[in-house]
Amino acid sequence: MVQERTLPVFDAQSVNISRDEGLMLYEDMVLGRYFEDKCAEMYYRGKMFGFVHLYNGQEAVSTGVIRSMRRDDTDYVSSTYRDHVHALSAGVPAREVMAELFGKETGCSKGRGGSMHMFSAEHRLLGGYAFVAEGIPVATGAAFQSKYRREALGDESSDGVTACFFGDGAANNGQFFECLNMAALWKLPILYVVENNKWAIGMAHERATSDPMIYKKAHAFGMAGVEVDGMDVLAVREVAKEAVARARAGEGPTLIEALTYRFRGHSLADPDELRSKEEKEYWFPRDPIKKLAADLIDRTLATAEELKEIENKIQAVIDDAVDFAEKSPEPDPSELYRFIYAEDE
(Lines give C-alpha, C1' and ligand atoms only; values in the text may rest on other atoms or scores of the structure.)
Protein backbone atom coordinates (compact mmCIF):
# COMPACT_ATOMS: atom_id res chain seq x y z
CA MET A 1 0.00 0.00 0.00
CA VAL A 2 1.25 3.49 -0.88
CA GLN A 3 1.95 5.64 2.16
CA GLU A 4 -1.24 7.46 3.03
CA ARG A 5 -1.20 11.24 3.22
CA THR A 6 -1.70 12.76 6.64
CA LEU A 7 -5.24 14.09 6.63
CA PRO A 8 -5.73 17.72 7.72
CA VAL A 9 -6.70 18.02 11.37
CA PHE A 10 -10.20 19.36 11.90
CA ASP A 11 -11.88 20.07 15.20
CA ALA A 12 -15.55 19.38 14.57
CA GLN A 13 -16.49 20.76 17.98
CA SER A 14 -15.24 24.20 16.90
CA VAL A 15 -18.01 24.40 14.30
CA ASN A 16 -21.38 25.80 15.28
CA ILE A 17 -24.12 23.87 13.56
CA SER A 18 -27.84 23.89 14.23
CA ARG A 19 -30.04 20.83 14.51
CA ASP A 20 -31.77 21.67 11.23
CA GLU A 21 -28.44 22.08 9.42
CA GLY A 22 -27.11 18.81 10.80
CA LEU A 23 -30.20 16.86 9.82
CA MET A 24 -30.19 18.43 6.36
CA LEU A 25 -26.59 17.33 5.80
CA TYR A 26 -27.35 13.83 7.06
CA GLU A 27 -30.43 13.47 4.88
CA ASP A 28 -28.55 14.66 1.80
CA MET A 29 -25.72 12.17 2.31
CA VAL A 30 -28.08 9.29 3.04
CA LEU A 31 -30.03 10.15 -0.11
CA GLY A 32 -26.83 9.88 -2.14
CA ARG A 33 -25.75 6.60 -0.54
CA TYR A 34 -29.13 4.87 -0.77
CA PHE A 35 -29.60 6.06 -4.33
CA GLU A 36 -26.27 4.61 -5.43
CA ASP A 37 -26.90 1.32 -3.62
CA LYS A 38 -30.19 1.02 -5.49
CA CYS A 39 -28.42 1.82 -8.76
CA ALA A 40 -26.08 -1.13 -8.19
CA GLU A 41 -29.08 -3.40 -7.62
CA MET A 42 -30.89 -2.15 -10.72
CA TYR A 43 -27.76 -2.41 -12.86
CA TYR A 44 -27.14 -6.02 -11.94
CA ARG A 45 -30.83 -6.77 -12.57
CA GLY A 46 -30.45 -5.46 -16.11
CA LYS A 47 -32.48 -2.27 -15.65
CA MET A 48 -29.56 0.03 -16.52
CA PHE A 49 -27.07 -0.24 -19.34
CA GLY A 50 -23.68 1.14 -20.29
CA PHE A 51 -21.16 2.33 -17.74
CA VAL A 52 -22.42 3.33 -14.31
CA HIS A 53 -19.96 4.97 -11.89
CA LEU A 54 -21.08 5.14 -8.27
CA TYR A 55 -20.22 7.72 -5.64
CA ASN A 56 -20.34 5.61 -2.44
CA GLY A 57 -17.90 6.95 0.14
CA GLN A 58 -17.55 10.43 -1.35
CA GLU A 59 -20.88 11.85 -0.17
CA ALA A 60 -19.31 14.36 2.23
CA VAL A 61 -17.74 16.22 -0.70
CA SER A 62 -20.94 16.66 -2.70
CA THR A 63 -23.04 17.54 0.34
CA GLY A 64 -20.41 19.72 1.98
CA VAL A 65 -19.84 21.85 -1.12
CA ILE A 66 -23.17 22.00 -2.94
CA ARG A 67 -25.32 22.42 0.16
CA SER A 68 -23.12 25.41 1.09
CA MET A 69 -24.28 27.15 -2.06
CA ARG A 70 -27.58 28.69 -3.08
CA ARG A 71 -30.44 26.75 -4.57
CA ASP A 72 -31.74 29.60 -6.70
CA ASP A 73 -31.06 30.95 -10.17
CA THR A 74 -27.50 32.18 -9.52
CA ASP A 75 -25.19 29.29 -8.57
CA TYR A 76 -24.01 26.51 -10.89
CA VAL A 77 -22.65 22.98 -10.48
CA SER A 78 -20.50 21.15 -13.02
CA SER A 79 -19.94 17.42 -12.56
CA THR A 80 -18.08 14.43 -14.00
CA TYR A 81 -19.14 10.96 -15.15
CA ARG A 82 -19.69 10.17 -11.43
CA ASP A 83 -22.57 12.62 -11.35
CA HIS A 84 -25.72 11.10 -9.82
CA VAL A 85 -25.11 12.39 -6.30
CA HIS A 86 -24.00 15.84 -7.47
CA ALA A 87 -27.34 16.06 -9.27
CA LEU A 88 -29.26 15.03 -6.15
CA SER A 89 -27.40 17.54 -3.95
CA ALA A 90 -28.14 20.24 -6.52
CA GLY A 91 -31.85 19.55 -6.09
CA VAL A 92 -32.65 17.38 -9.11
CA PRO A 93 -35.47 15.08 -7.91
CA ALA A 94 -34.52 11.44 -7.34
CA ARG A 95 -37.32 10.47 -9.73
CA GLU A 96 -35.73 12.39 -12.59
CA VAL A 97 -32.24 11.06 -11.90
CA MET A 98 -33.43 7.46 -11.69
CA ALA A 99 -35.58 7.80 -14.82
CA GLU A 100 -32.54 9.11 -16.68
CA LEU A 101 -30.57 6.05 -15.64
CA PHE A 102 -33.42 3.90 -16.96
CA GLY A 103 -33.28 5.82 -20.26
CA LYS A 104 -36.83 7.13 -19.91
CA GLU A 105 -38.22 10.37 -21.35
CA THR A 106 -39.05 11.61 -17.84
CA GLY A 107 -35.35 11.67 -16.97
CA CYS A 108 -33.57 14.96 -16.33
CA SER A 109 -31.89 14.65 -19.76
CA LYS A 110 -34.99 13.14 -21.40
CA GLY A 111 -33.32 9.74 -21.57
CA ARG A 112 -30.59 11.06 -23.86
CA GLY A 113 -27.78 11.28 -21.32
CA GLY A 114 -27.86 8.23 -19.13
CA SER A 115 -25.53 7.80 -16.19
CA MET A 116 -22.66 10.00 -17.36
CA HIS A 117 -24.56 12.97 -18.77
CA MET A 118 -26.99 14.30 -16.18
CA PHE A 119 -28.18 17.83 -16.93
CA SER A 120 -30.80 20.17 -15.52
CA ALA A 121 -31.19 23.77 -16.56
CA GLU A 122 -33.81 24.24 -13.85
CA HIS A 123 -31.37 23.21 -11.13
CA ARG A 124 -28.33 24.91 -12.69
CA LEU A 125 -26.59 21.57 -13.19
CA LEU A 126 -24.26 22.17 -16.11
CA GLY A 127 -23.88 18.51 -16.86
CA GLY A 128 -21.95 15.36 -16.22
CA TYR A 129 -18.98 14.91 -18.55
CA ALA A 130 -17.60 11.57 -19.68
CA PHE A 131 -14.26 12.94 -20.90
CA VAL A 132 -11.78 13.62 -18.12
CA ALA A 133 -11.50 17.38 -17.38
CA GLU A 134 -14.17 18.18 -20.00
CA GLY A 135 -16.33 20.07 -17.52
CA ILE A 136 -13.58 22.37 -16.26
CA PRO A 137 -13.72 24.89 -19.15
CA VAL A 138 -17.53 24.75 -19.16
CA ALA A 139 -17.63 25.65 -15.47
CA THR A 140 -15.03 28.36 -16.00
CA GLY A 141 -17.23 29.86 -18.70
CA ALA A 142 -20.22 29.82 -16.37
CA ALA A 143 -18.22 31.66 -13.73
CA PHE A 144 -17.08 34.18 -16.34
CA GLN A 145 -20.64 34.98 -17.41
CA SER A 146 -21.66 35.52 -13.77
CA LYS A 147 -18.86 38.03 -13.31
CA TYR A 148 -19.53 39.66 -16.69
CA ARG A 149 -23.24 40.13 -16.03
CA ARG A 150 -22.54 41.71 -12.67
CA GLU A 151 -19.60 43.96 -13.54
CA ALA A 152 -20.03 44.75 -17.22
CA LEU A 153 -23.82 44.73 -17.47
CA GLY A 154 -24.53 46.07 -13.99
CA ASP A 155 -26.72 43.17 -12.93
CA GLU A 156 -26.29 43.26 -9.16
CA SER A 157 -28.36 40.08 -8.75
CA SER A 158 -25.79 38.11 -10.74
CA ASP A 159 -23.40 37.30 -7.91
CA GLY A 160 -23.45 33.58 -8.67
CA VAL A 161 -20.75 31.09 -7.79
CA THR A 162 -19.86 27.95 -9.73
CA ALA A 163 -18.64 24.68 -8.21
CA CYS A 164 -16.61 22.55 -10.60
CA PHE A 165 -16.03 18.93 -9.56
CA PHE A 166 -13.39 16.66 -11.07
CA GLY A 167 -11.08 13.83 -10.05
CA ASP A 168 -7.38 13.62 -9.34
CA GLY A 169 -6.69 12.33 -12.84
CA ALA A 170 -8.06 15.55 -14.37
CA ALA A 171 -5.46 17.59 -12.46
CA ASN A 172 -2.82 16.40 -14.93
CA ASN A 173 -4.86 17.59 -17.92
CA GLY A 174 -3.98 20.77 -19.80
CA GLN A 175 -7.47 22.22 -19.41
CA PHE A 176 -6.98 22.19 -15.64
CA PHE A 177 -3.95 24.49 -15.81
CA GLU A 178 -5.33 26.72 -18.54
CA CYS A 179 -8.59 27.33 -16.70
CA LEU A 180 -6.93 27.93 -13.34
CA ASN A 181 -4.78 30.56 -15.03
CA MET A 182 -7.80 32.33 -16.53
CA ALA A 183 -9.82 32.11 -13.33
CA ALA A 184 -7.00 33.62 -11.28
CA LEU A 185 -6.28 36.30 -13.88
CA TRP A 186 -9.92 37.42 -14.04
CA LYS A 187 -10.79 36.64 -10.39
CA LEU A 188 -13.68 34.42 -11.40
CA PRO A 189 -16.23 33.29 -8.78
CA ILE A 190 -15.52 29.56 -8.94
CA LEU A 191 -14.61 26.63 -6.70
CA TYR A 192 -12.44 23.99 -8.36
CA VAL A 193 -13.15 20.88 -6.28
CA VAL A 194 -10.74 17.98 -6.77
CA GLU A 195 -12.24 14.76 -5.45
CA ASN A 196 -8.97 12.93 -4.88
CA ASN A 197 -10.05 9.33 -4.31
CA LYS A 198 -6.49 8.10 -5.00
CA TRP A 199 -7.31 6.29 -8.24
CA ALA A 200 -7.85 7.46 -11.83
CA ILE A 201 -9.64 4.29 -12.98
CA GLY A 202 -6.75 1.86 -12.35
CA MET A 203 -3.90 4.35 -12.08
CA ALA A 204 -2.74 5.20 -8.56
CA HIS A 205 -2.50 8.96 -8.12
CA GLU A 206 1.05 8.82 -6.76
CA ARG A 207 2.26 7.09 -9.93
CA ALA A 208 0.71 9.66 -12.28
CA THR A 209 1.84 13.03 -10.95
CA SER A 210 5.15 14.58 -9.91
CA ASP A 211 3.56 16.26 -6.88
CA PRO A 212 0.56 14.38 -5.47
CA MET A 213 -0.54 17.39 -3.40
CA ILE A 214 -2.85 18.94 -5.95
CA TYR A 215 -3.97 21.91 -3.85
CA LYS A 216 -0.43 23.29 -3.96
CA LYS A 217 -0.76 23.81 -7.72
CA ALA A 218 -3.06 26.73 -6.97
CA HIS A 219 -0.15 28.68 -5.54
CA ALA A 220 1.53 28.94 -8.95
CA PHE A 221 -1.41 31.10 -10.05
CA GLY A 222 -1.66 33.17 -6.88
CA MET A 223 -4.89 31.35 -6.10
CA ALA A 224 -6.14 30.12 -2.75
CA GLY A 225 -5.51 26.39 -2.41
CA VAL A 226 -6.60 24.19 0.46
CA GLU A 227 -6.74 20.48 1.30
CA VAL A 228 -9.54 19.04 3.38
CA ASP A 229 -10.59 15.71 4.85
CA GLY A 230 -13.14 14.68 2.26
CA MET A 231 -14.61 12.06 4.59
CA ASP A 232 -15.80 14.72 7.06
CA VAL A 233 -18.79 16.71 5.82
CA LEU A 234 -18.38 19.40 8.48
CA ALA A 235 -14.76 19.97 7.45
CA VAL A 236 -15.71 20.16 3.77
CA ARG A 237 -18.59 22.49 4.57
CA GLU A 238 -16.37 24.95 6.45
CA VAL A 239 -13.83 25.09 3.62
CA ALA A 240 -16.61 25.46 1.03
CA LYS A 241 -18.36 28.25 2.94
CA GLU A 242 -15.12 30.25 3.08
CA ALA A 243 -14.46 29.69 -0.62
CA VAL A 244 -18.02 30.62 -1.60
CA ALA A 245 -17.86 33.82 0.47
CA ARG A 246 -14.51 34.69 -1.12
CA ALA A 247 -15.88 34.13 -4.62
CA ARG A 248 -19.08 36.05 -4.00
CA ALA A 249 -17.10 38.99 -2.63
CA GLY A 250 -15.12 39.25 -5.86
CA GLU A 251 -11.93 37.83 -4.40
CA GLY A 252 -11.54 35.09 -6.97
CA PRO A 253 -11.34 31.31 -7.18
CA THR A 254 -10.30 28.56 -4.78
CA LEU A 255 -8.81 25.15 -5.49
CA ILE A 256 -10.11 22.62 -2.95
CA GLU A 257 -8.51 19.19 -2.78
CA ALA A 258 -10.83 16.85 -0.91
CA LEU A 259 -9.06 13.66 0.19
CA THR A 260 -11.70 10.98 -0.15
CA TYR A 261 -12.22 7.36 -1.21
CA ARG A 262 -14.73 5.48 -3.31
CA PHE A 263 -16.11 2.38 -1.62
CA ARG A 264 -16.78 0.56 -4.90
CA GLY A 265 -14.80 -0.11 -8.05
CA HIS A 266 -14.30 2.52 -10.73
CA SER A 267 -17.58 1.46 -12.34
CA LEU A 268 -20.04 -1.37 -11.79
CA ALA A 269 -18.13 -3.29 -14.48
CA ASP A 270 -14.89 -3.05 -12.46
CA PRO A 271 -14.09 -6.08 -10.26
CA ASP A 272 -11.97 -3.74 -8.08
CA GLU A 273 -8.94 -6.03 -7.91
CA LEU A 274 -6.24 -3.36 -8.15
CA ARG A 275 -6.70 -1.70 -4.77
CA SER A 276 -5.12 -3.55 -1.89
CA LYS A 277 -7.02 -5.06 1.01
CA GLU A 278 -4.91 -2.97 3.39
CA GLU A 279 -5.85 0.25 1.63
CA LYS A 280 -9.55 -0.53 1.76
CA GLU A 281 -9.33 -1.46 5.42
CA TYR A 282 -7.73 1.94 6.09
CA TRP A 283 -10.49 3.92 4.36
CA PHE A 284 -13.71 1.96 4.84
CA PRO A 285 -13.99 2.69 8.59
CA ARG A 286 -13.92 6.41 7.74
CA ASP A 287 -17.47 6.28 6.36
CA PRO A 288 -18.62 9.95 6.24
CA ILE A 289 -22.25 9.11 7.01
CA LYS A 290 -21.40 7.15 10.14
CA LYS A 291 -19.07 9.95 11.23
CA LEU A 292 -21.75 12.63 10.90
CA ALA A 293 -24.27 10.44 12.69
CA ALA A 294 -21.85 10.08 15.61
CA ASP A 295 -21.20 13.84 15.64
CA LEU A 296 -24.91 14.69 15.71
CA ILE A 297 -25.63 12.25 18.52
CA ASP A 298 -22.58 13.44 20.48
CA ARG A 299 -23.79 17.06 20.19
CA THR A 300 -27.30 15.95 21.25
CA LEU A 301 -28.64 17.43 18.00
CA ALA A 302 -30.31 14.15 17.09
CA THR A 303 -31.01 10.70 18.48
CA ALA A 304 -30.31 7.39 16.81
CA GLU A 305 -34.07 6.94 16.43
CA GLU A 306 -34.43 10.26 14.62
CA LEU A 307 -31.62 9.37 12.22
CA LYS A 308 -33.29 6.04 11.56
CA GLU A 309 -36.49 7.88 10.70
CA ILE A 310 -34.57 9.90 8.11
CA GLU A 311 -33.14 6.71 6.65
CA ASN A 312 -36.61 5.17 6.39
CA LYS A 313 -37.92 8.36 4.75
CA ILE A 314 -35.11 8.30 2.18
CA GLN A 315 -35.65 4.60 1.47
CA ALA A 316 -39.25 5.45 0.58
CA VAL A 317 -38.02 8.21 -1.75
CA ILE A 318 -35.69 5.74 -3.50
CA ASP A 319 -38.38 3.08 -3.84
CA ASP A 320 -40.71 5.70 -5.31
CA ALA A 321 -38.02 6.81 -7.77
CA VAL A 322 -37.58 3.26 -9.04
CA ASP A 323 -41.34 2.78 -9.38
CA PHE A 324 -41.58 6.07 -11.27
CA ALA A 325 -38.72 5.13 -13.59
CA GLU A 326 -40.11 1.70 -14.35
CA LYS A 327 -43.56 3.09 -15.19
CA SER A 328 -42.28 6.04 -17.24
CA PRO A 329 -42.53 5.85 -21.03
CA GLU A 330 -39.62 5.19 -23.35
CA PRO A 331 -38.56 8.16 -25.50
CA ASP A 332 -40.64 8.41 -28.67
CA PRO A 333 -38.63 7.42 -31.78
CA SER A 334 -39.77 10.63 -33.45
CA GLU A 335 -37.60 12.52 -30.94
CA LEU A 336 -34.42 10.76 -32.02
CA TYR A 337 -32.93 13.66 -34.00
CA ARG A 338 -34.20 16.47 -31.83
CA PHE A 339 -31.45 18.64 -30.34
CA ILE A 340 -28.97 17.37 -32.94
CA TYR A 341 -27.63 20.20 -35.07
CA ALA A 342 -25.55 19.90 -38.23
CA GLU A 343 -24.97 22.16 -41.19
CA ASP A 344 -26.11 21.02 -44.60
CA GLU A 345 -23.24 20.21 -46.90
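Buried means under 20% relative accessible area, exposed means over 50%, and partly exposed is what falls in between. I write that down before anything else because R286, at 26% relative accessibility, counts as partly exposed by it. I also note that I am looking at a predicted model.

**Entry: the record**

I checked UniProt, where an unreviewed entry lists residues 28-333 as "domain: Dehydrogenase E1 component". In the model, that span is 43% helix and 10% strand. I looked up its two ends as well, and their C-alpha atoms lie 36 Å apart.

**Entry: the cores**

Which residues have the most contacts inside the largest nonpolar core? I found Y26, F35, V65, M98 and L191, in a core of 68 residues. Helix 1 (residues 19-44) gives this core its largest share, eleven residues. Another core lies apart from it, with 21 residues, including A183, Y192, A218 and M223.

I then followed L191 on its own. Setting aside neighbours within four places in sequence, I see L191 in contact with V65, V161, T162, A163 and C164 among others. The list for L191 also includes A240, A243, V244 and A247, along with T254 and I256.

**Entry: salt bridges**

My search of the whole structure turned up 30 salt bridges. As a reminder to myself, side chains of opposite charge can pair when their charged atoms come close.

I started with D75 and R248, whose closest N and O atoms are 2.9 Å apart. D75 sits in the loop between helix 2 (59-66) and strand 1 (76-78), while R248 is in helix 8 (residues 233-248), so this pair ties together parts 173 residues apart in sequence. Is D75 buried or exposed? With a relative accessible area of 4%, D75 is buried.

Next I took R286 and D229, which form a salt bridge at 2.6 Å, N to O. They too link distant parts of the chain, 57 residues apart. R286 is in the loop between helix 9 (277-283) and helix 10 (288-298), and D229 is in strand 6 (residues 224-229). R286 is the partly exposed residue from my opening note, whereas D229 is buried at 8% relative accessible area.

The third pair is E238 with K241, at 3.7 Å from N to O. Both belong to helix 8, and because they are three residues apart there, about one helical turn separates them. I have E238 down as partly exposed at 21%, and K241 as partly exposed at 37%. I also noted a network in which salt bridges with shared partners join E4, K198, E206 and E279.

**Entry: two helices side by side**

How do helix 5 (residues 135-151) and helix 6 (residues 174-186) pack? Their axes are 9 Å apart, at an angle of about 10°. Angles under 35 degrees count as roughly parallel, so I call helix 5 and helix 6 roughly parallel to each other. From helix 5, the contact uses I136, P137, T140, F144 and K147. Helix 6 brings Q175, F176, C179 and W186.

**Entry: helix 4 and what covers it**

I went to helix 4 (residues 94-101) and found six of its eight residues buried, so the rest of the structure largely encloses this helix. The buried ones are A94, V97, M98, A99, E100 and L101. Their cover includes helix 1, helix 3 (84-89) and helix 11 (304-327). Just after helix 4, I see G103 with a positive phi of about 75°.

F324 belongs to helix 11. Leaving out residues up to four places away in sequence, F324 touches R95, A99 and T106. Its relative accessibility is 22%, so I put F324 down as partly exposed. I also checked F324 against K241: they are 83 residues apart along the chain, with 35 Å between their C-alpha atoms.

**Entry: positive phi values**

Most residues other than glycine have a negative phi, so I wrote down two that go the other way. K198 has a positive phi near 80°. K198 is in the loop between strand 3 (190-196) and strand 4 (199-200), and is buried at 7% relative accessible area. It is also one of the residues in the salt-bridge network. I201 has a positive phi near 60°, and I found I201 in the loop between strand 4 and strand 5 (203-204).

Methods. Residues are numbered from 1 along each chain as its sequence is written. This is a predicted model: local features need pLDDT of at least 70, side-chain atom pairs count only at pLDDT 80 or more; totals for chains, interfaces and linings use all residues. Side-chain values use heavy atoms; hydrogens and water are left out. A nonpolar core is a set of buried Ala, Val, Leu, Ile, Met, Phe, Trp, Tyr and Cys residues joined through side-chain atoms within 4.5 Å. Buried means under 20% relative accessible area, exposed over 50%, partly exposed in between (1.4 Å probe, protein chains only). Helices (H or I, at least four residues) and strands (E, at least two) are DSSP runs, numbered from the N terminus. Contact means heavy atoms within 4.5 Å. UniProt positions are given in the numbering used here, feature names are shortened, and annotations may be inferred rather than shown by experiment. A salt bridge is a side-chain nitrogen of Lys or Arg within 4 Å of a carboxyl oxygen of Asp or Glu. Axes are lines fitted to C-alpha atoms, for helices over the stretch in contact, and angles run from 0 to 180 degrees between N-to-C directions. Angles under 35 degrees count as roughly parallel, over 145 as roughly antiparallel, 65 to 115 as roughly perpendicular and the rest as oblique.
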